Amino acid sequence: MSNLMSGAKILIECLLRENVECMFGYPGGVTLPFYDVLFEGKVKHYLVRHEENACFAAEGYARSTGKVGVCCATSGPGATNLVTGLVDALMDSIPVVALTGQVTTKLIGSDAFQEADTFGITRACTKHNFLVKSPGDIPQAIHEAFYIAASGRPGPVLVDIPKDVFIGSAHYSPVSTIHLPGYKFSQEGHTGQIRRAAQMMWEANRPIVYAGGGIVAAGASDLLRELVEAIDAPTVCTLMGLGGLPSGHPNFISMPGMHGSYAANMAMTHADLIIGLGVRFDDRVTGRLDAFAPHARVIHVDIDPVEIGKNRVADLPIVGDVKRVLERMNRVVAELSPFQKERNAAARKAWKDQIAAWRAEHPLIPAVSDAEIKPQHLVREIDRVSGGEAIVCSDVGQHQMWGAQFLRFNRPRLWINSGGLGAMGFGLPSAIGAQVANPGRRVFALVGDGGFQMSIPELSTIASNRLPVKIVVMNNGYLGMVRQWQELFYNNRLSAVCLDSFPDAVKLAGAYGFPGRTVEDPKEIGQAIDEAVDYPGPYLLNVKVTPFECVYPMVPAGGAINEMVLGPPKPVAV
Amino acid sequence: MLQTISLLVENKPGALMRITGVLSSRGWNIDSLTVARTIDPAQSRMTIVVDIDPELRRQVIKQMNKLINVLQATDLTESLAVCREMALVRVRATAETRTGILKDAEMYGARVVDATGDGFGLECTGPAEKVEEFIDAIRNFGDIDVTRSGIVAVSMESRKLRLAPPIPAAAAGNGAEELPSC
Ligand SMILES: Cc1ncc(C[n+]2csc(CCOP(=O)(O)OP(=O)(O)O)c2C)c(N)n1
Ligand SMILES: [Mg+2]
């Protein structure tokens with residue numbers, strides 16, 4: 001049985017078939033027919049205050065659940081405002097479906113009011129995109145969009161729908177199949193390669209597991225843990241992979257790379273086997289490529305063949321879904337275990353001791369002072385109340401790196417931040433999406449005073465939906481990360497980084513109808529965090545921290561990761 | 001180094017834009033590009049010549065295969081393949097040069113496709129180097145206009161076309177594992 005329906009109604013039917021419960025968006029002229037159907041409330045719509053934040057919120061929803069996040073914008077400026085969020089989702093492989101309105105089909109190409117070439121503009125910002133030409137084509141496009149967004153290496157997909165396609169009608173009958181003949185991805189991984197990889201893991205004297213966002217995306221963290229424990233390998237998780245192995249796990253070292261720990265970077269440098277799982281050997285991790293892990297053979301598991309050999313040659317590539325691959329890998333590892341375990345026990349023990357020694361030599365310890373609030377101290381306080389269980393949505397900058405260094409995460413999908421793109425303004429709106437998706441869980445937005453001011457309009461979204469997000473502004477009065485680079489590499493000529501005139505937090509939050517507080521005294525910070533957390537609703541905590549702190553260790557741009565600057569006095573080459 | 005790739009592409013809007021977009025966004029230079037329908041009107045065959053570091057050849061193929069509208073990307077650079085190019089040349093001819101031009105055309109197997117009082121239209125087909133030589137030869141006779149087709153290639157090895165099968169719509173649904181709440 002089919003029945004005649006408007007394109008807008010068909011779209012809702014398709015969204016319901018994809019189990020979409022909610023979306024984040026902003027209406028406009030050409031999406032009016034769609035919003036008229038949304039009025040019926042079948043899909044809950046959250047009105048954000050800027051389209052970029054609609055995409056960030058959809059990402060927060062997706063990143064914290066693994067489900068596809070949905071956002072919506074009107075044509076022209078609405079669609080162009082989505083662009084940063086789409087690129088962000090593309091860089092971090094986050095499943096998002098973006099719906100945009102387009103001018104009426106007949107007007108396309110006429111430079112009509114609020115026309116932009118959304119299809120062309122977002123070609124480079126999406127995994128794939130569609131321009132729908134008739135109402136009858138909506139189901140195919142929507143189901144293909146969800147499938148592409150969520151499968152293989154996930155990513156954002158945009159569906160551009162002209163106004164007349166929303167209005168026009170077609171006989172709707174649910175499509176039963178989709179066919180994308182050119183969309184192939186290997187899931188299983190090559191059996192022989194998996195076996196050889198397991199063999200290499202046993203044979204290595206100094207193995208290290210390097211786990212990334214792919215572990216989180218694939219839902220493979222339990223399998224990662226099983227592997228790490230079976231071969232007893234030290235493990236680093238990238239910025240995108242934090243929580244993939246619980247932070248408190250004895251094999252976990254820390255994040256590697258530019259602001260990774262001394263131990264993590266030394267371990268990467270001296271390893272004889274790197275087991276890369278759902279990673280892309282990003283430059284922020286590897287530092288200068290030709291000096292990266294010079295002694296290591298590399299096993300590289302990823303679902304995207306493009307990533308294999310892109311930056312670092314893989315001695316043993318495995319193309320596949322890291323979850324499926326680990327399921328089988330762990331079995332082979334266990335099979336081989338009785339024959340292998342004792343062989344290089346001495347070398348393995350020496351390796352673990354060496355890593356423990358590196359950790360002891362330059363541990364990651366948060367600075368604390370009685371006189372002022374150190375930014376690291378603030379992060380530790382958040383960590384105290386979180387206990388590794390809260391979702392922390394970070395913005396981009398120094399606070400993000402301190403968060404990555406000092407927050408513990410007992411599971412994946414708790415540490416949410418803009419990794420690949422590093423888009424300021426991400427923290428607060430992504431917390432909106434995360435809180436919507438996880439009403440029962442504590443959600444922090446850990447933001448800098450710079451990034452926070454990019455997202456202030458969303459306080460309104462938080463207030464109107466009474467989302468109990470705890471907004472913690474690490475207020476150092478500067479665009480701290482840029483200031484740090486100016487201090488270290490540009491003779492401390494602080495150019496355009498001072499953020500004076502930060503608004504009064506109490507008044508600001510008060511203006512939106514929820515409490516706020518500013519703290520400066522290190523003795524108050526613990527109590528202030530408790531107060532924020534205990535308040536049954538949104539809370540804005542503005543924490544004035546020491547302004548001139550730098551994030552260490554630091555690998556200067558273009559440096560090798562074992563050439564870390566470990567602290568303020570002078571560079572220590574190792 | 002020039003890399004010749006052959007793409008079988010779904011004839012969908014934006015397919016060409018995606019392909020050239022990926023190449024140019026990665027800083028890879030397109031030397032030539034041809035595209036036309038195959039026997040199946042729903043598909044197109046493209047031959048693209050990219051000027052690229054040989055180490056990146058595999059990346060190019062992988063990036064092309066990653067595109068959803070690309071059904072198959074093949075590197076023909078070092079495989080058994082026939083590559084041809086066509087040039088159409090308009091040359092002015094005088095009473096003195098006419099025989100010379102015709103002689104050279106014959107030598108290169110070029111055909112006269114148009115002849116008027118002031119000159120000829122010539123069509124030359126062959127491997128790119130031969131076409132280039134032909135153009136150089138004709139240039140000796142005076143000003144010419146040239147349009148080159150870019151390379152078209154066909155693989156002489158049979159390759160199995162691996163396609164993704166149809167799948168049920170909305171099968172995945174939007175139900176991922178939920179976090180236990182705290
Ligand atoms: C949209 C955007 N613009 C500019 C930058 C460059 N940038 C990176 S970190 C940073 C400073 C962030 O300052 P703030 O939000 O106060 O955080 P802090 O580093 O002080 O913790 C800037 C400007 C960026 N990442 N994103
Ligand atoms: Mg700041």
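**Magnesium site and sheet in chain A**

Q: Why does A:Tyr478 count as buried?
A: A:Tyr478 has 16% relative accessibility, and buried means under 20% relative accessible area (1.4 Å probe, protein chains only; exposed is over 50%, partly exposed in between), so A:Tyr478 counts as buried. This is a predicted model, where local features need pLDDT of at least 70 and side-chain atom pairs count only at pLDDT 80 or more. Residues are numbered from 1 along each chain, and side-chain values use heavy atoms, with hydrogens and water left out.

Q: Why is A:Asn476 called buried?
A: Its relative accessible area is 9%, so A:Asn476 is buried too.

Q: What makes A:Asp449, A:Asn476 and A:Tyr478 donors of the magnesium ion (ligand 2)?
A: Donors are N, O and S atoms within 2.8 Å of the metal (3.2 Å for Na, K and Ca), and water is not among the atoms, so sites may look incomplete. Here OD of A:Asp449, OD1 of A:Asn476 and O of A:Tyr478 lie 2.0 to 2.1 Å from the ion. Along the sequence, the spacing reads D-x26-N-x1-Y.

Q: How do you know that β17 and β18 of chain A pair?
A: Pairing takes at least two DSSP bridges between two strands (strands being DSSP E runs of at least two residues, numbered from the N terminus). Five bridges join β17 (443-448) to β18 (470-475), running parallel; in one of them, A:Val447 partners A:Val473.

Q: What makes β16 and β19 of chain A edge strands?
A: In the open, parallel sheet β16-β15-β17-β18-β20-β19, β16 (415-416) and β19 (516-519) each pair on one side only.

Conventions. Chains lettered and ligands numbered in written order. Helix = DSSP H or I, 4+ residues; strand = E, 2+ residues; numbered from the N terminus.
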